[in-house]
Structure formats: structure tokens, C-alpha cells
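Dear colleague,

I am handing over the structure below, and I would be grateful if you could look through it before reading my notes. The notes start with the ligands and then turn to single residues.

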Amino acid sequence: MHATETLPPPLLALAGFSKSFAGFTALDRVDFTLRAGEIHALLGENGAGKSTLIKAMTGVVARDAGTMKLDGVAITPRSAQDALAAGIATVYQEVNLAPNLSVAQNLFLGRQPTRFGLVREGEMRRRARALLSEFGLSIDVAAPLESYSVAIQHIVAIARAVDQSARVLILDEPTASLDAHEVEVLFAVMRQLSARGIGIVFVTHFLDQVYAICDRITVLRNGRLAGSAPVEELPRLDLVRLMLGRELSEATSRRPPVIEGEARADIATFRGVGKAGTIAPFDLSLRAGHVVGLAGLLGSGRTETVRLVFGVDPADCGAAEVGGRAVTIGSPREAMALGFGYCPEERKTEGIVAELTVRENIALALQARRGALSPLSRREQDALAARFIGLLDIRPPDPERPVGLLSGGNQQKVLLARWLATAPRLLILDEPTRGIDVGAHAEIIGLIRDLCREGMALLVVSSELEELVTYADEVVVLRDRAHVARLSGAQIEVSTILATIAQAPACADAA
Amino acid sequence: MALRLPRIGTSQIVALGLILVANWIVSPQFFDIRLQDGRLFGSLIDVFNRGAPVALLSIGMVLVIAMRGIDLSVGAVMAICGAIAASLADSHSLPVVLAAALGAGLLCGLWNGLLVAVLGIQPIVATLILMVAGRGIAQLITEGRIVTFTSPDLAFLGGGSVLGLPTPVVLTLGMMALTLLLVRGTALGLMIEATGGNPRASALAGIGTRLITVAVYMWSGLCAALAGIVASADILGADANNAGLWLELDAILAVVIGGTSLFGGRFSILLAVVGAFIIQAMNTGILLSGFPPETNLVVKAVVVLAVLLAQSPRLGGHLAGLGVLFKRSKSGGRRS
Ligand SMILES: Nc1ncnc2c1ncn2[C@@H]1O[C@H](COP(=O)(O)OP(=O)(O)OP(=O)(O)O)[C@@H](O)[C@H]1O
Ligand SMILES: [Mg+2]
């Protein structure tokens with residue numbers, strides 16, 4: 001398409017990439033060009049084909065058609081290792097490292113430092129620590145990877161890819177689980193790499209990040225190339241229009257004035273509940289039609305708080321009251337019996353059941369609450385699936401598709417549907433908009449508001465403060481595994497929250 | 001973990017049909033069926049009759065495997081329950097004999113289930129304990145001898161017939177129907193598939209994964225007990241050393257041939273039973289063809305290899321041209 005007269009040859013050039021799955025066209029003749037030292041954003045709605053394009057260029061899925069040239073030489077990698085050998089390192093959307101190996105082993109898997117054929121554990125750990133310290137991370141590298149949060153696992157995956165001295169680095173939604181500070185660190189590393197002439201492909205749904213770091217944008221829509229331009233030529237509104245193929249109806253507007261002061265019915269009250277070594281005792285009161293947001297850095301105790309409330313890691317002190325009665329919440333089942341629902345942060349390991357269909361995944365929690373002996377009829381399941389596929393705009397709208405075949409953002413919507421189907425009195429959302437595109441973002445925030453209006457109590461963990469302030473009635477700030485402040489009313493401002501988070505003695509403690 | 005869209009079960013049924021046809025080629029009387037004294041006789045009927053114990057085992061095994069578990073103890077449980085049935089048969093009425101033997105099977109399953117679900121021991125290790133110890137227990141029951149009995153009531157379960165079909169076949173069909181009803185008539189099947197597919201997510205969705213785990217191992221014990229009773233009733237006695245020996249492996253193979261992955265998740269009871277009959281049809285075919293029975297083991301090994309290769313997504317594509325049988329077990333061997 002483009003004439004490349006005087007320009008240096010592109011580092012990586014894809015032309016006419018196509019891929020379909022069982023009759024479904026995920027990529028349709030997509031061209032993509034990456035130059036040396038360029039940070040190139042690959043954008044598009046959920047299911048637009050970004051991850052598929054990446055998998056097709058690294059040989060994880062075989063492309064149906066298309067050519068690929070690295071430095072002018074045609075290549076066709078057959079696997080991720082192949083691609084790596086050719087100089088393309090990738091961090092996939094779903095981290096795929098070995099969870100039971102140590103952090104150090106994961107970093108150096110397949111390229112451990114050896115002496116006389118034996119792995120030099122000490123040397124490997126030393127190098128692992130050095131590598132991670134570039135990312136501002138000081139953790140025990142001998143501990144198994146699975147003992148750390150997804151965010152840290154993601155950083156490990158990124159560090160592993162960055163360290164492999166590739167020519168091309170591909171990052172598929174690397175920042176989805178990172179907080180602002182870690183994103184900064186990652187960006188610093190990316191700038192360094194691009195200065196060294198490495199071409200970087202960056203997939204994200206955070207448009208701010210695109211404008212903060214990228215040189216060029218390529219947009220996919222429904223598997224087709226929608227456009228490609230330098231960032232300067234593609235202002236935000238145009239970009240969104242290019243992605244969605246329409247105007248964004250309602251951008252995340254400010255929170256409507258809340259009916260303050262009036263006493264809402266208490267759904268659940270926690271007094272002095274905590275768990276030694278996990279989260280310091282805290283008070284929390286959740287009311288009908290009220291959104292409580294939890295804000296803090298990674299590892300500050302947000303997820304720990306909600307897991308305690310839902311009985312995943314039950315409290316070892318304090319008292320809980322639900323609907324005026326004292327209760328102990330010892331397991332998710334007990335929490336569900338009280339009318340709680342919990343959409344976990346870790347979609348792949350704790351959320352979806354990949355091989356079950358969209359319909360079955362949506363029905364799962366409701367079915368579990370009803371018990372095995374009163375099965376939802378097929379008709380009820382179909383109705384449920386149809387309702388939520390429509391409500392949340394799950395794509396493709398096929399209830400019989402295994403959920404593992406959906407794009408990341410659509411899996412997230414299925415998970416949300418699973419809990420909405422149980423019509424909970426208290427819904428706990430851990431990073432509900434992670435990996436969700438700009439269009440769906442607004443819809444989900446709208447949904448949260450609607451649920452609230454209908455009298456549901458919500459407890460929401462979010463790293464996206466801009467977003468949190470638009471719907472929260474109260475924001476609890478956490479630091480070092482303790483609740484340190486409670487903001488409400490006019491105090492709910494991004495700047496106030498940030499200031500509260502940053503107040504000494506904040507420490508860059510991970511895990 | 002590759003995911004595929006459609007789930008078809010016809011391939012296993014076609015494979016069974018092909019093997020039966022092969023048997024007919026080596027032995028032209030294969031499909032001859034006679035009615036004698038109200039019971040059907042013939043090689044075909046024999047395949048189903050002989051295959052019944054493994055088919056029974058596979059009904060329990062398929063549920064265990066769907067939960068990401070495995071039950072190595074079923075052969076030993078057969079020996080235990082067969083021994084109990086044989087030693088009580090001449091002194092007690094049939095209901096008592098059955099209750100004792102089936103109860104013992106449930107107990108064995110409870111033991112396995114508790115080790116796995118409560119103590120968190122890996123299934124392969126947990127059930128290995130009973131696999132090894134069970135045969136010893138069975139020998140204690142028979143006091144090291146081969147116990148024989150004469151009770152016609154119990155013998156009927158092995159050699160009798162109902163509506164012309166051998167009792168073991170009827171029992172297998174009955175057990176299959178009951179299990180299907182319990183599992184697919186309720187939401188248990190969905191919960192088993194969800195738990196096998198992603199245990200953590202399922203527990204967070206409120207599924208009582210521990211309880212289901214215990215229940216599934218108990219059901220496997222029950223199926224093994226029934227298989228043990230049938231085996232004893234068939235030979236009018238119990239041989240603690242040889243009853244059910246290595247049958248756990250046949251049952252696992254049957255489940256795998258039936259398309260259920262050893263990684264858990266989607267399962268099919270019906271196809272596991274078909275898998276069991278495929279194995280028996282191969283056994284019978286080799287006997288009929290006059291090859292030495294030892295070749296049977298080699299043939300089985302080849303089938304296992306073919307199924308496992310076909311389950312590997314990477315090799316699946318290359319296998320396509322390797323002959324009809326391979327091709328059949330390939331497309332069927334994949335779970336959805
Ligand atoms: N193996 C597969 N089989 C069938 N369909 C698939 C498969 N992989 C992806 N798809 C489909 O291809 C489409 C593109 O998916 P892809 O994962 O590339 O989207 P994406 O742009 O990365 O979205 P997200 O932002 O949500 O991550 C989706 O509709 C998805 O359902
Ligand atoms: Mg993606």
C-alpha cells in the first residue's frame with residue numbers, strides 16, 4: 001500500500017493477514033508496519049482481533065493468508081519460541097508462565113545460567129533480582145510465581161520478554177493489571193528500549209497511555225484494518241470514532257448529584273474484621289443503593305478486603321452483620337446465601353471456566369445457589385444468556401461458544417453477567433472494567449449506576465480512579481494492608497485520593 | 001489447552017462398528033445370534049457380556065476423571081466386593097449380600113474421596129493406597145483361598161438373563177441410565193464439568209466442590225462394587241488375587257477413548273461405555289482371529305498411543321491420514 005521510497009525499510013511488515021476460526025473471520029487482510037525504535041499502539045474494540053493478530057504473527061495460531069517480513073526477510077514463525085528465535089518477544093494477554101516454578105526460574109526458563117551443565121541457582125537468583133529491580137520490584141525471587149498477584153506475574157512476564165534482547169517486543173494489554181506507578185516504570189523501560197532501536201507493539205484500552213507514549217496508532221475494527229496514523233494526526237475523538245465506527249454516546253461524565261444524607265437500608269456491616277498477615281482489622285458499612293470504592297496501590301489490601309467480605313479468606317476477628325443479624329461468613333457459599341456476589345480480579349484462574357459455553361458460564365453461580373437438585377431448565381438458561389448477551393453486548397452473540405474462545409474483554413462481560421444473574425443484594429466487583437474497551441467502559445459504568453439505583457449495594461475495587469470518582473459514594477483508601485482513610489462527598493476527587501494514597505509512610509512494597 | 005467448537009460422539013460409535021465388522025471378517029459367524037432357553041447367545045452378545053465389568057467401572061471413572069481426578073483403586077475394590085459377595089452368598093439372602101458388597105464399595109469410595117477432598121492428597125497417590133492395600137484386604141476376606149459359592153440368586157447376576165439379555169449387560173445399562181439421570185437430570189453434570197474445568201473459579205461461584213468430589217469417588221466405588229459382584233457371580237467364586245486385576249487401566253482407557261480428557265472438564269458417560277465395549281471388541285477380535293492373546297496387549301498399547309497422540313493438538317493434524325481407525329479416534333478423542 002504505502003510506498004517506502006526513501007524511508008528505511010520497516011523493521012516488521014505484515015501484509016494481508018487473514019485468519020478465520022470455524023467460519024468466523026477474526027482477521028481480514030490486515031496490514032501492519034512497525035519501524036525500528038517506534039512504539040506502535042494496536043487498538044480496537046473487544047474482539048476486534050488485536051490478540052489474534054499478535055498470535056498470528058508469532059505463530060501461536062497459524063495464519064490463513066498473509067506475508068510477514070522482519071528486516072526485509074520473509075519469515076513464518078511456527079511457535080512462540082520460533083518467533084523469539086527470530087527476534088520477536090511477546091507478552092500475551094493471558095500470562096502464560098509456569099505458576100509453580102519460582103520467579104527466578106520463570107524469568108530464565110530455557111536459558112538458565114549453567115556451569116558444567118548444572119543450573120547455577122545462586123547466579124540465576126542474583127540476575128533475577130537485578131532484572132526485577134529495574135522495574136522497581138524487590139520480591140523474593142525464590143518463591144513460586146503463583147504466590148504473587150497477577151500484576152506482579154505480569155511484570156515478571158514483561159521483564160522476561162524485555163530481557164530476551166529481541167528486535168521486536170509485543171505487549172498485549174500489559175498495563176491492565178498495573179497501577180499508575182508501575183505503568184510509569186514500564187513506560188520508562190519501554191522508552192529505553194525504543195531508544196535502542198527496538199520496535200514495540202503496545203495493545204491497550206487506556207487511551208491516555210496511548211497519547212503518553214506511542215508514536216503511531218493502528219486501529220482494527222471487526223477484524224479489518226480501520227486505519228493507521230501517527231499519534232499527532234489522530235486526536236482522541238477521531239480515534240474513538242475510528243475504533244467504534246460511531247460516536248461514543250456518553251463519555252464517562254461526572255457523577256450525578258447523589259441523594260446524600262438520607263439513611264439507606266444497611267445491607268452489611270463489618271466491625272473490626274481482619275485477618276492476621278493479610279489485612280488489618282477494618283470497619284465497613286455497605287448500604288443499599290450505595291457504591292463504596294476501594295482505592296490504593298497494588299498489594300495495599302484491596303483484593304484482600306473483598307476476599308474477606310466474600311468469605312474466600314474468612315476473617316479471624318471482628319463481627320459481621322447482615323440485614324441486622326450477626327453472621328459469620330466462612331465460605332463463598334455462605335456469602336452467596338446472604339445475597340453476596342463477587343466478580344474476581346483474576347479472570348482466567350478464578351473467573352471463567354474456559355471450556356464451558358457462554359450460557360453455562362452465565363448460569364453457573366445462579367445454579368450453584370439453587371443447588372444441584374433444582375437445575376435451571378435449558379429454556380431458563382437460554383433466556384438468561386440471551387438477556388445478558390444483549391444487555392452487556394457480548395460479542396459474538398453466540399451463547400453456545402466456549403467462553404475461552406471469546407476475546408478478553410468479552411470474557412470479562414460474561415463474568416459480570418454470571419453475578420448479575422444471581423440478582424445479589426451486595427455485588428463485589430474487583431477491577432470490573434479491566435480489559436474492557438472504551439465503548440463498553442461507559443456501558444458498564446452506566447450499568448453500575450443503574451444497579452445502584454435499583455437498590456443494590458456495591459463494593460468496587462478499581463485502579464482507574466478517574467472512573468471510580470464518577471460513581472462512588474464513598475472511597476476507602478488503603479495502604480500497606482490497612483484501611484487508612486474514608487472519603488465521601490466533595491472529598492471524592494482523584495487528586496485527594498492520590499494524595500491520601502501517597503501520604504507517608506507509603507512504601508513501594510510489593511506483593 | 002485447545003478449545004474446539006463442536007462436540008460429536010459419532011466417531012466412537014463408528015469405531016466400535018468398524019471393529020465389529022473386522023471381527024466379522026476374521027470370524028464369519030460373529031454376528032450370528034441364537035435364542036436358547038430365553039437367552040440370546042453369540043459372539044456379539046459375548047462382547048457386551050464380557051465388556052460389562054469394565055463398562056461399569058468406566059461409568060464411575062468418567063465422573064472422577066471429569067473432576068480432574070483418577071481412581072486407580074477400582075480393580076482392587078472389585079476384588080474386595082467380589083470377595084464379600086462370594087463369602088456371604090451361601091449364608092445370607094441376596095439383598096443382604098448386595099447391601100454388604102455395595103456398601104463396602106461406597107466405603108472404599110468415601111475413603112478415596114476424603115483423602116482427595118479433605119486431606120488434599122493428589123488423586124493418583126490417594127487411590128494408589130487402596131489399589132495396593134485393597135487386594136490385601138480382599139485376601140483377608142477370602143482368607144487367602146479361592147472362595148466358591150453355589151447360591152443361584154447371586155449366580156443369576158453373572159449368568160442369568162433378563163428379556164433375553166445377559167444380566168451383566170442389563171445391570172450395566174441400568175447403572176448407566178441411573179447415572180445419566182443423576183448427573184444430567186440435575187445440575188450435577190454442569191457442576192462436575194465446571195469444577196474439572198476450573199476448580200478455583202467453580203468454588204468462587206459457590207459450587208460445593210469438596211462434597212461433589214467425595215460423592216464422585218463414592219459413585220466410582222459403587223460402580224466398582226457392582227462390577228466385582230458381576231465378576232464373582234460369573235465365575236461362582238472370588239479370587240482375591242486376580243479379580244479385577246489391571247481393569248482400572250482398561251477403565252481409564254475406555255474413558256479416554258470416550259473423549260473425556262484426563263485434564264478434566266467435559267465428559268460423556270455414554271461414550272465412556274462405548275469405549276469399554278470397543279476395548280472388549282478388540283479383545284474378542286484377537287481371540288477369534290487366532291493370534292496369541294499376548295498380542296492383545298500390544299494392540300491395546302497401540303490404541304492408547306493413537307488416542308494420546310490424537311489428543312495432542314499439535315500432532316492431531318498430522319495423524320489425519322493414518323488410517324480410518326486412527327482418524328476416528330482422533331476426531332472423537334478430542335474433547336470439545
Ligand atoms: N481460537 C478461537 N476460536 C474461535 N474464535 C476465536 C478464537 N480466538 C479468537 N476468536 C474470536 O476472534 C475474535 C477476535 O478476538 P481477539 O482475542 O483477537 O480480540 P481482541 O481484539 O484481542 O479483544 P480484547 O480487547 O477483548 O482482548 C473474537 O470474536 C474471538 O471470539
Ligand atoms: Mg485481546
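What follows is a description of the ligand sites, and then of some individual residues.

This is a predicted model, in which local features need pLDDT of at least 70 and side-chain atom pairs count only at pLDDT 80 or more, while totals for chains, interfaces and linings use all residues. Residues are numbered from 1 along each chain as its sequence is written, chains are lettered from A and ligands numbered from 1 in the order in which they are written, and side-chain values use heavy atoms, with hydrogens and water left out.

Ligand 1 is surrounded by 21 residues, of which Gly47(A), Ser51(A), Thr52(A), Leu405(A) and Gly409(A) come nearest; a residue is counted here if one of its heavy atoms lies within 4 Å of the ligand. Polar contacts (pairs of N or O atoms within 3.5 Å; within protein, one must be able to donate a hydrogen and the other to accept it, and residues adjacent in sequence count only if both atoms are side-chain atoms) involve oxygen atoms of this ligand. A polar side-chain atom of Ser51(A) lies 2.7 Å from a ligand oxygen, a side-chain N or O atom of Gln93(A) is 3.0 Å from one, and a polar backbone atom of Gly409(A) is 2.8 Å from one. The protein covers 90% of the 640 Å² of accessible area that ligand 1 has on its own, by the Shrake-Rupley method with a 1.4 Å probe, where for residues only the protein chains shown count as cover.

The elements of chain A that give two or more residues to this shell are strand E2 (24–34), helix H1 (50–57) and helix H14 (408–420), and H1(A) gives the most, with three residues. Helices (H or I, at least four residues) and strands (E, at least two) are DSSP runs, numbered from the N terminus. By class, the shell has seven nonpolar, ten polar and four charged residues, where Ala, Val, Leu, Ile, Met, Phe, Trp, Tyr, Cys and Pro count as nonpolar, Asp, Glu, Lys and Arg as charged, and the others, Gly among them, as polar.

Ligand 2 is a magnesium ion, whose protein donors are Ser51(A) through OG and Gln93(A) through OE1, lying 2.0 to 2.2 Å from the ion. Donors are N, O and S atoms within 2.8 Å of the metal (3.2 Å for Na, K and Ca), and water is not among the atoms, so the site may look incomplete. The pair links distant parts of the chain, 42 residues apart, with Ser51(A) in helix H1 and Gln93(A) in the loop between strand E6 (88–91) and helix H3 (103–108) of chain A. Both Ser51(A) and Gln93(A) are buried (under 20% relative accessible area, with exposed meaning over 50% and partly exposed in between, for a 1.4 Å probe and protein chains only).

Some backbone features also deserve a look. In chain A, the peptide bond from Arg395(A) to Pro396(A) is cis, with omega near -5°, and Pro396(A) lies in the loop between helix H13 (378–392) and H14. In chain B, Arg68(B) has a positive phi near 70° although not a glycine, and its relative accessible area of 42% makes Arg68(B) partly exposed. Leu163(B) likewise has a positive phi, near 50°, and is found in the loop between strand E4 (161–162) and strand E5 (165–166) of chain B; Leu163(B) counts as exposed because its relative accessible area is 86%.

With best regards
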